[in-house]
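Please examine the fold shown below. The account that follows proceeds from the overall architecture to the packing of individual helices and then to charged pairs.

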Amino acid sequence: MYHPPTAQQDRNNPLGLPIYECWFCPTNWIGFSGLLFHLEEGRCVKQDRIRTLAFESPEYGFYGNRLTDQNPFFCFQCRAQFPQVSYLYHHAEHSPSCSYLLNPSECLGALRDFYVEYYECPGSDYIHF
């Protein structure tokens, strides 16, 4: 699922973000935000499932507000708001002052681990074509 960044600079991945493989189809994505965007579009999993799962994680109060419909996700560090969780991850991956939130002991790192654990176990979210 996770492929460590290569030592050589990749022009398609100048930040050296990790490469993630979709759990359900043979595609690779630069950064966890790329994988989430793919899934949020309703490809491979039920549409809106990624959003719903974000609020099932115990840490959701550090990055999300269920009562806000338009922009329910926010950056704990700078308070920027986002309509989708993939946008929040993209922000953290590209903002040096907020990137620490991706560490496993922080809220976005914990959410990433929550998604990984959820989807690496067989479930009913897979869309059959």
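Two residues are taken to be in contact when heavy atoms of theirs lie within 4.5 Å. The model discussed here is a predicted one.

The chain contains 4 helices and 5 strands. Read from the N terminus, these elements follow one another in the order β-β-β-α-α-β-β-α-α. Of the 129 residues in the chain, 40% are buried. Considering contacts between residues at least 6 apart in sequence, 36% join residues at least 24 apart.

Helix α3 offers a suitable point of entry. This helix is mostly covered, with 7 of its 10 residues buried. The residues concerned are V85, S86, L88, Y89, H91, A92 and E93. What do the buried residues of α3 pack against? Their partners comprise the helices α1, α2 (49-54) and α4, together with the strands β4 (73-74) and β5 (81-82).

Helix α1 is likewise mostly covered, 9 of its 10 residues being buried. The buried set consists of G31, F32, S33, G34, L35, L36, H38, L39 and E40. These buried residues pack against strands β2 (19-21) and β3 (28-30), and also against α2, α3 and α4. After α1 comes G42, which has a positive phi near 90°.

The contact between these two helices merits closer attention. The packing of two helices is described by the angle between their axes and by the distance between those axes. For α1 (residues 31-40) and α3 (residues 85-94), the angle is about 165° and the axes are 8 Å apart. Because angles over 145 degrees count as roughly antiparallel, α1 and α3 are roughly antiparallel to each other. The crossing in which α1 passes α3 is left-handed. On the α1 side, the contact is made by G31, F32, S33, L36, F37 and E40, which meet V85, S86, Y87, Y89, H90 and E93 of α3. By character, the residues of this contact divide into 6 nonpolar, 4 polar and 2 charged.

Charged pairs are the next topic. Side chains of opposite charge can pair when their charged atoms come close. How many salt bridges does a search of the whole structure find? The search finds 2. One of them joins R49 to E56, with the closest N and O atoms 3.4 Å apart. The partners in this pair can be described by their accessibility: R49 has a relative accessible area of 17% and is buried, whereas E56, at 43% relative accessibility, counts as partly exposed.

The pair formed by R112 and D113 is also a salt bridge, its closest N and O atoms being 4.0 Å apart. Is R112 buried or exposed? With a relative accessible area of 14%, R112 is buried, because buried means under 20%. D113, by contrast, has 36% relative accessibility and counts as partly exposed.

R112 is located in helix α4 (residues 107-120). Leaving aside residues up to four places away in sequence, R112 touches Y20, F32, Y89, L102 and P104. Two of these names have appeared above: F32 is among the α1 residues that meet α3, and Y89 is among the α3 residues that meet α1. Both also belong to the buried sets, F32 in α1 and Y89 in α3.

Terms used: Residues numbered from 1 in each chain as written. Predicted model: local features only at pLDDT ≥ 70, side-chain atom pairs only at ≥ 80, totals over all residues. Heavy atoms only, no water. Axes fitted to C-alpha atoms, helices over the stretch in contact; angles between N-to-C directions. Helix = DSSP H or I, 4+ residues; strand = E, 2+ residues; numbered from the N terminus. Parallel < 35°, antiparallel > 145°, perpendicular 65-115°, else oblique. Left-handed = near helix turned anticlockwise from the far one by under 90°. Nonpolar A, V, L, I, M, F, W, Y, C, P; charged D, E, K, R; others polar. Salt bridge = Lys/Arg side-chain N within 4 Å of Asp/Glu carboxyl O. Buried < 20%, exposed > 50% of the residue type's maximum accessible area, 1.4 Å probe, protein only.
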